[in-house]
Each structure stands twice: as C-alpha cells, then as structure tokens.
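Let's take a walk through this one together, starting with the overall picture and ending at a single side chain. Keep the viewer open as you read.

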Amino acid sequence: MRCFTVLLGVFICSLSISAQTIYKEYGGQYADEAYGVYSRSANKFYLTGRTVSFREFGPSDSYLQKIDRNGNTLWRKAFGSIFSDQSNSICGGYDNSLVIA
C-alpha cells in the first residue's frame, strides 16, 4: 500500500497480486495530509498526518484514520492542542497499541 499526499487530500494506492489497482482519496475540503501508514495485518491499515478539514482544536490537528483492505474508512479521529499539530509516523506496540509521533 502506498500513500501520497495530494493538494486537498490523501491518495492511497494498493496493487494486488493479480495486478488489480485499488485506490481511494481521503480528506475534506481543506488541506489534509498523510505522513505515515502502518499495517497491523492484511486487513487493517492506519493513516496518520494532519487535518484542517476535520480539526477539533487548533488551526490543524493530528489525524488518525483506520481503513480496511478495500480502502473503506472504519473510523477517524482528530486530536491536538489549540496550536497547529501533526503526526509524522506511526507504528505498533507489543500490546496492540499504536505509537504515533
């Protein structure tokens, strides 16, 4: 799975073994960017970055989104402070937690 930042959102592209390309675009009407992608299994993927479209606190917030293998959004969450926030990377912990930096 590849993650690309585009002008007003995030573009995900996946190439299957049979060479079938699956792609989705995410984001809202403002600048949203993904900087990290993590795969917990073949069926669960997490994107992290920054969002202006879905912010809750400051000018931009950190953003976490879970998608399935077909690119369907399972859930998303914006979090941060009253300042501009973003997450640059994501990985999994030994206890099935997610570590975001």
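**From the whole chain to one aspartate**

Of the 101 residues in the protein chain, 32% are buried. Bear in mind that you're looking at a predicted model.

The secondary structure is quick to describe: the protein chain has nine strands and zero helices. Read from the N terminus on, the elements go β-β-β-β-β-β-β-β-β. As for how the chain meets itself, take the contacts between residues at least 6 apart in sequence: 33% of them join residues at least 24 apart.

Now for the sheet. Four of the strands form an open sheet in the order 4-5-6-7, and their pairing is antiparallel. Strand 4 and strand 7 (73-79) sit at the edges, each pairing on one side only. Going from one strand to the next, the twist averages 20°.

Zoom in on one end of that sheet. Strand 4 covers residues 32-39 and strand 5 covers residues 44-51; the two run antiparallel and are joined by seven bridges. The link between strand 4 and strand 5 is a hairpin of four residues. To see the register, pick out Val37, whose bridge partner in strand 5 is Leu47. Glu33 is another handy marker, standing opposite Arg50 in strand 5. As you follow either strand, remember that side chains in a regular strand alternate between the two faces of the sheet.

Next, move over to strand 6, which spans residues 61-68 and includes Asp61. What does a buried Asp61 have by way of charged company? There is no salt bridge: the nearest side chain of opposite charge belongs to Arg55, and that is 6.7 Å away. Since a salt bridge needs the two charged groups within 4 Å, Arg55 at 6.7 Å doesn't qualify.

So where does the Asp61 side chain go instead? Its side chain reaches the backbone nitrogen of Phe57, at 2.9 Å.

The rest of the surroundings are worth displaying too. Setting aside neighbours within four places in sequence, Asp61 is in contact with Gly49, Arg50, Thr51, Arg55 and Glu56, and also with Ala78, Phe79, Gly80, Ser81, Phe83 and Asp85. You've already met one of these contacts, Arg50, as the residue in strand 5 that Glu33 stands opposite.

Methods. Residues numbered from 1 in each chain as written. Predicted model: local features only at pLDDT ≥ 70, side-chain atom pairs only at ≥ 80, totals over all residues. Heavy atoms only, no water. Buried < 20%, exposed > 50% of the residue type's maximum accessible area, 1.4 Å probe, protein only. Lys, Arg positive; Asp, Glu negative; His and termini not counted. Polar contact = N/O pair within 3.5 Å; in protein donor to acceptor, adjacent residues only side chain to side chain. Contact = heavy atoms within 4.5 Å. Pairing = 2+ DSSP bridges. Axes fitted to C-alpha atoms, helices over the stretch in contact; angles between N-to-C directions.
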